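Reader: Could you take me on a close look at how the helices pack in this model, and at the loop and helix ends around them? I would enjoy one connected account.

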Amino acid sequence: MSTTALTSLPRLHREGRAVGITSVCSAHPEVIGAALRLGRDTGQSVLIEATCNQVNQDGGYTGMTPGDFRRFVECIAGETGFDLDRLILGGDHLGPNPWKHLSPEAAMEKAEAMVAAYAAAGFEKIHLDCSMGCAGEPPALDDEHTAARAARLAAVAEKHSTGKPVYVIGTEVPVPGGALEEVEHLDVTSPDAAEATVDIHRRAFAGAGLDEAFERVIGLVVQPGVEFGNQNVVSYVPEAAQALSRRLADLPGLVFEAHSTDYQTGADLRALVVDGFCILKVGPGLTFALREALYGLDAIAAELDGGALSLKPAMEALMLRQPGHWAKYYPGTAEEQALHRHFSYSDRIRYYWALPEAKAAVNALMKRLGDKALPETLISQHLAAAWPEVRTGLTAPTARSLARAAVTRMLRIYAAACGQN
């Protein structure tokens, strides 16, 4: 059973064994490919999640339904030689968020259709998040309304699922997509609030006749005190989360799920797992690493042929023509926005890589560099993190290998933090 890697986490934590799992939240084929290749090489299960805005019955911003996304990932798995028996697909923030501009009932009907599509497509990890208000409601709902709607969606998942999905409940602040400005301080979820969320959801599930389904709730999303804004990262402070961590002893069968762990250090990620935040979600940090590598390769190409940068100007033109994914998220002057478009921790450039113009620009860069070995000195200059791997033979000094290695390097940090060798 592929979900064993998830269902075993609460038991392992209670036994004092600090084991976690990385939740890869990305639809970029290079990111997914890197995760599956690492899983193939280490023999570990791989958890890949799609969000409600990214993938839904209407296509989301990727244009993929849950069934499409499964086929997309399975195709990459076939190309990489990854064993599908160790693939776990998850749905993140499944609820009315994409349709919260509608009336509550209309939005929930859309959410039901989405959950049905995820369940029917065989997604085995379902994060139920109905915490957001819809038209005419407060921006954030109380636990009772949130839990009642979550139970309603769980009933749909149970009806349409091809197996026995596991559930994650709760949400974090801010909502999906990350903070819109610099983050200076975060309040860690109080232990009492965490326990209350679980108790209220348990009662809501019971009221809907879903006691058995609630036994498969394995995770609770809380705020451990980590987040990133456009320009800064709030690091994990274990001392601030100790009371919350200790409360897991009163929540048998559960671990915490930590969102927005991107850009935390390896030591901080390991501390999160030790403290019971055993599901580490990462997304923008992986595409940020890929963009860094691609821009470094662009600089190397310009050095080698005496030409100009090609990829960054192409992406700038594309984002200016289509500002919908960044304009309202990047405040400041025109100069500050220009910097954010390419280098923000929020990495909203990730929404553009799947567009035909971006694909063409990346393909042109790869063709420009070809399959030849790139000079170690230029790799040291423009892709410094890759230089030790090239020198030791871990990474081939070719453009495509260097781009992939940037993502793998980040994933290895997560694997180490999760206790995976």
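Author: Gladly, and let us begin with the vocabulary of angles: under 35 degrees counts as roughly parallel, over 145 as roughly antiparallel, 65 to 115 as roughly perpendicular, and anything else as oblique. The axes themselves are lines fitted to C-alpha atoms, for helices over the stretch in contact, and their angles run from 0 to 180 degrees between N-to-C directions. Helices (H or I, at least four residues) and strands (E, at least two) are DSSP runs, numbered from the N terminus.

This is a predicted model, in which local features need pLDDT of at least 70 and side-chain atom pairs count only at pLDDT 80 or more, while totals for chains, interfaces and linings use all residues. Residues are numbered from 1 along each chain as its sequence is written, and side-chain values use heavy atoms, with hydrogens and water left out.

Now to the helix pair that those angle classes introduce. Helix α12 (residues 311–321) and helix α13 (residues 334–343) have axes that come within 11 Å and cross at roughly 115°. The two helices are therefore roughly perpendicular to each other. Their crossing is right-handed, a word used when the near helix is turned clockwise from the far one by less than a right angle, with anticlockwise giving left-handed. On the α12 side, the contact uses Lys312, Met315, Glu316, Met319 and Leu320, and on the α13 side it uses Arg341, His342 and Phe343. Sorted by class, these residues are four nonpolar, one polar and three charged. Contact here means heavy atoms within 4.5 Å; Ala, Val, Leu, Ile, Met, Phe, Trp, Tyr, Cys and Pro count as nonpolar, Asp, Glu, Lys and Arg as charged, and the others, Gly among them, as polar.

Another pair has its own geometry. The axes of α11 (residues 284–305) and α17 (residues 399–417) come within 9 Å and cross at roughly 150°, so α11 and α17 are roughly antiparallel. This crossing, too, is right-handed. Gly285, Leu286, Ala289, Leu290, Ala293, Leu294 and Leu297 of α11 meet Ala399, Leu402, Ala403, Ala406, Val407, Met410 and Leu411 of α17. That contact divides into 13 nonpolar residues, one polar and no charged.

Then there is α3 (residues 29–42) with α4 (residues 66–80), whose axes come within 9 Å and cross at roughly 50°. That angle makes α3 oblique to α4, and the crossing is right-handed. From α3 come Pro29, Ile32, Gly33, Leu36, Arg37 and Arg40, which meet Phe69, Phe72, Val73, Ile76, Ala77 and Thr80 of α4. The classes in this contact are eight nonpolar, two polar and two charged.

Helix α17 appears again around α10 (residues 266–274): the elements covering the buried residues of α10 include α2 (9–14), β10 (279–282) and α17. Those buried residues are Asp268, Leu269, Ala271, Leu272 and Val273, where buried means under 20% relative accessible area, exposed over 50%, and partly exposed in between (1.4 Å probe, protein chains only). Just past the end of α10, Gly276 takes a positive phi of about 100°.

The loop leading into α10 is worth a pause. Most residues other than glycine have a negative phi. Ser260, not a glycine, has a positive phi of about 55°, and Ser260 sits in the loop between β9 (255–258) and α10. With a relative accessibility of 13%, Ser260 counts as buried. Tyr263 belongs to the loop between β9 and α10 as well and has a positive phi of about 75°, again without being a glycine. Tyr263 is buried at 18% relative accessible area.

Let us finish around α7 (residues 191–207), the helix that holds Thr197. Thr197 is buried, at 12% relative accessible area, and its side chain is joined to that of Asp143 by a polar contact of 3.2 Å. Leaving out residues up to four places away in sequence, Thr197 touches Asp143, Ile169, Gly170 and Leu220. A polar contact is a pair of N or O atoms within 3.5 Å; within protein, one must be able to donate a hydrogen and the other to accept it, and residues adjacent in sequence count only if both atoms are side-chain atoms.

Beyond α7, Gly209 lies in the loop leading to α8 (211–214), and Gly209 is exposed, at 57%. In α8 you will find Asp211, partly exposed at 46% relative accessibility. Neighbours within four places in sequence aside, Asp211 is in contact with Phe205 and Ala206.
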